[in-house]
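Okay everyone, thanks for coming. Let me put the structure up and then walk you through a few spots in it.

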Amino acid sequence: MSERKPKLIMLIGPTASGKTGLAIRLAEALNSEIISADSRYLYRQLNIGTAKPTPAELARVKHHLVNVADLDQPWSIGDYKTEAEDLILSLNADGKIPVLTGGTGQYIRAIRQNWQIPELEADDHLRSTIEKVGESIGYDQLYEILKVLDPEAAGFIDYRNHRRTVRALEVIFKTGEKFSAVRLKETSPFEILIIGLQRPREELYRRIDTRIDQMLNEGFLEEVRDLLERGYKNALLKMGVIGYSELIAFLDGEISLEEAVVLIKRNTRKYVRRQANWFKSADPEIHWLNAQDPAILEKMLDLVRVKFKTI
């Protein structure tokens, strides 16, 4: 009889579905730890505008891959996958079933489908050339070029993320292959239970609007202003993080604060709709639960018991 694979719980769902709080409750019940699958949580400088777990929440359960990088040294998907997989193995060795949670679809899928990401050396000259083209014609047009050359890659790369658009084009021009084609998929080395959180779309939108208003009340604009003073403007614009880009436009005098807030809410709603492509309701491997269900924790624990024959 072959040895069982290391165990992993994925708690997924759209922005504002309640993943953070439920992941903490689940990890506490399992005496386990959380691995973040949110690309924004990696960066020490991004706090209020990313709805990062509070210090109190981080203290309740140990979190991994939160506050581990600086904006001027961004992580690739390959970096994330390597670190996350090492953590999954380490926690299993300690007898814990880690809870991997977050809304970054590429991170979830890279672990779930065991993407084999090519370790191509960066071509600084080629990358610089592509960036200059983007600055000349506009990064929106650069993204349109990617859509023509590799529609599948454009489908999973956020058009606001200039850095990933440039990287995809760099790989295409360097290898002569589509960026989407070089991400080979293999059988996962993990035994994975995937739990999805559902809320009605209109309720999600209300929660998003409330969250954004709360961020602004907590000093989101001041956070962005401080990051600009510390020289992170280009890094923020290249990453295209929702909220930061819009507030930079306000601080640059391009739009009013009211317009910036409207755009943040609108773009976050668009992001929720994009997430639906990553986390499909018809996916037979995802156990969808109503996030409003008072008994949701017990239902999650039941799924863990059935999947892993444990607790």
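Here's one to start: is Ile194 buried or exposed? Before I answer, keep in mind that this is a predicted model. So, Ile194 is buried, because its relative accessible area is 4%, and under 20% is where we call a residue buried. Ile194 sits in strand E7, which covers residues 191-198. And what is Ile194 in contact with, if we skip its neighbours within four places in sequence? The list is Met10, Ile12, Arg112, Glu285, Ile286 and His287. Look at Ile12 in particular: Ile12 and Ile194 are 182 residues apart along the chain, yet 7.3 Å separates their C-alpha atoms.

Met10 gets us to the next topic, the cores. Met10 is one of the residues with the most contacts inside the largest nonpolar core, together with Ile35, Leu71, Tyr80, Leu100, Ile111 and Leu146. That core has 69 residues. Helix H3, residues 77-93, gives the largest share of this core, six residues. There's another core apart from it, with 24 residues, including Leu11, Val61, Met300 and Leu303.

Let me zoom in on Leu71 for a second. Not counting residues up to four places away in sequence, Leu71 touches Tyr43, Gln45 and Leu46 on the one hand, and Leu227, Tyr232, Ala235, Leu236 and Met239 on the other.

Ile111, from that core list, also belongs to the buried residues of helix H4, along with Gly105, Gln106, Tyr107, Ile108 and Ala110. H4 runs over residues 105-112, and because six of its eight residues are buried, the rest of the structure largely encloses this helix. After H4 comes Asn114, with a positive phi near 50°.

Helix H12, residues 244-251, makes a nice follow-up. Its buried residues are Tyr244, Glu246, Leu247, Ile248 and Ala249. What covers them? Helices H9 (201-217), H10 (220-229), H11 (233-239) and H13 (257-278) are among the elements that do. There's a positive phi here as well: Gly253, just after H12, has one of about 80°.

Now, helix packing. We describe two packed helices by the angle between their axes and the distance between the axes. I've got two pairs for you.

Pair one is H1, residues 19-30, with H14, residues 296-308. Their axes are 10 Å apart and the packing angle is about 55°, so H1 and H14 are oblique to each other. The crossing is right-handed. From H1, the residues in the contact are Leu22, Arg25, Leu26, Ala29 and Leu30, and they meet Ile296, Leu297, Met300, Leu301 and Val304 of H14. By class, that contact has nine nonpolar residues, no polar ones and one charged. And yes, Met300 is the one we just met in the 24-residue core.

Pair two is H5, residues 124-137, with H8, residues 162-175. Here the axes come within 10 Å and cross at roughly 125°, so H5 and H8 are oblique to each other too. This crossing is right-handed. H5 brings Leu126, Arg127, Ile130 and Glu131, and H8 brings Val166, Arg167, Leu169, Glu170, Phe173 and Lys174. How do the residues of this contact divide by class? Five are nonpolar, none polar and five charged.

That's what I had, so over to you for questions.

Conventions. Residues are numbered from 1 along each chain as its sequence is written. This is a predicted model: local features need pLDDT of at least 70, side-chain atom pairs count only at pLDDT 80 or more; totals for chains, interfaces and linings use all residues. Side-chain values use heavy atoms; hydrogens and water are left out. Helices (H or I, at least four residues) and strands (E, at least two) are DSSP runs, numbered from the N terminus. Buried means under 20% relative accessible area, exposed over 50%, partly exposed in between (1.4 Å probe, protein chains only). Contact means heavy atoms within 4.5 Å. Axes are lines fitted to C-alpha atoms, for helices over the stretch in contact, and angles run from 0 to 180 degrees between N-to-C directions. Angles under 35 degrees count as roughly parallel, over 145 as roughly antiparallel, 65 to 115 as roughly perpendicular and the rest as oblique. A crossing is left-handed if the near helix is turned anticlockwise from the far one by less than a right angle, and right-handed if clockwise. Ala, Val, Leu, Ile, Met, Phe, Trp, Tyr, Cys and Pro count as nonpolar, Asp, Glu, Lys and Arg as charged, and the others, Gly among them, as polar. A nonpolar core is a set of buried Ala, Val, Leu, Ile, Met, Phe, Trp, Tyr and Cys residues joined through side-chain atoms within 4.5 Å.
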